[in-house]
Amino acid sequence: MTTTKQTTFNPTKLETIPSNIDEENQLQNTTQKKDIDNVDDFDYSKRAQWLRAAVLGANDGLVSTASLMMGVGAVRQDVKAMILTGFAGMVAGACSMAIGEYVSVYSQLDIEVAQIEREKNRVECNKAASEEEDDENLPRPLQAAGASALAFSAGAMVPLLAASFIREYRVRVGVVVAAVTVALVVFGWIGALLGRAPILRSSTRVLVGGWIAMVITFGLTKLIGANLL
């Protein structure tokens with residue numbers, strides 16, 4: 001006679017399975033949330049110094065050089081005159097931006113260093129802990145000056161290259177305006193992307209400002225050139 005072995009139903013074993021799954025899911029969600037918080041907690045203000053110098057330098061180089069070329073083109077249709085004017089504006093503007101940025105940031109550095117020294121004298125016990133953090137937050141004049149000069153030159157190269165190989169006056173002016181328009185949108189987009197700012201508003205602001213500068217320069221130079229030349 002065969003005997004059948006009966007298994008007893010143990011509900012506690014079944015209950016431990018979903019419990020373990022819930023714990024694993026909760027652990028994964030907590031880890032993902034911490035990763036997201038670390039990304040969101042990144043201080044984008046640390047980028048402000050070099051980002052401001054680079055974006056302003058590129059925008060200034062683009063707008064000022066294009067405006068100079070458009071102004072000269074309003075009274076002189078010669079391609080050499082436009083190119084020489086743009087090149088002179090690029091060199092002068094890059095040097096001016098670099099020197100101005102260096103002096104400005106170095107003045108800011110002197111002020112912050114003096115303030116740090118005053119704070120260290122008040123709180124000597126936190127001297128070692130505060131030195132490393134203060135050094136990271138101090139402005140860098142050479143970095144700001146180099147970024148301004150390089151960015152200005154990069155922006156100025158756009159209208160120069162656009163006008164270099166076109167002999168026809170009307171076509172040359174149209175190509176310069178089109179190239180500058182695209183570059184203005186790109187610079188505005190890059191600045192907004194790196195700074196986590198609204199892309200559409202930033203690009204539109206840069207684009208409209210560049211157009212206004214070119215129109216004013218072209219119109220006034222055309223008016224003065226027609227009366228004097």
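A residue is called buried when its relative accessible area is under 20%, exposed when that area is over 50%, and partly exposed in between (1.4 Å probe, protein chains only). By this scale T204, with a relative accessibility of 38%, counts as partly exposed. T204 is found in helix α7, where helices (H or I, at least four residues) and strands (E, at least two) are DSSP runs numbered from the N terminus. The C-alpha atom of T204 lies 7.3 Å from that of V185, although 19 residues separate the two along the chain.

The model is a predicted one, in which local features need pLDDT of at least 70 and side-chain atom pairs count only at pLDDT 80 or more, while totals for chains, interfaces and linings use all residues. Residues are numbered from 1 along each chain as its sequence is written, and side-chain values use heavy atoms, with hydrogens and water left out.

Turning to the overall fold, the protein has 7 helices and 0 strands, giving the pattern α-α-α-α-α-α-α along the sequence. Of its 229 residues, 30% count as buried. Contacts (heavy atoms within 4.5 Å) often reach far along the chain: among those between residues at least 6 apart in sequence, 78% join residues at least 24 apart.

What lies at the centre of the largest nonpolar core, in terms of which residues touch the most other members? A nonpolar core is a set of buried Ala, Val, Leu, Ile, Met, Phe, Trp, Tyr and Cys residues joined through side-chain atoms within 4.5 Å. In this one, which holds 23 residues, L62, V176, V180 and L184 touch the most other members. At least two residues each come from α2 (48-75), α3 (79-122), α5 (141-164), α6 (169-195) and α7 (199-228), and α6 gives the largest share, 7 residues. Leaving aside residues up to four places away in sequence, L184 touches N59, L62, V63, V206, L207, G210 and W211.

Helix α5 has 24 residues and should span 34 Å at 1.5 Å a residue (the expected span being 1.5 Å times one less than the number of residues). Its end C-alpha atoms are indeed 34 Å apart, so the two values agree. Helix α5 also bends by about 25 degrees at M157, with a proline, P159, following within four residues; the bend is the angle between axes fitted to the seven residues ending at a position and the seven starting there.
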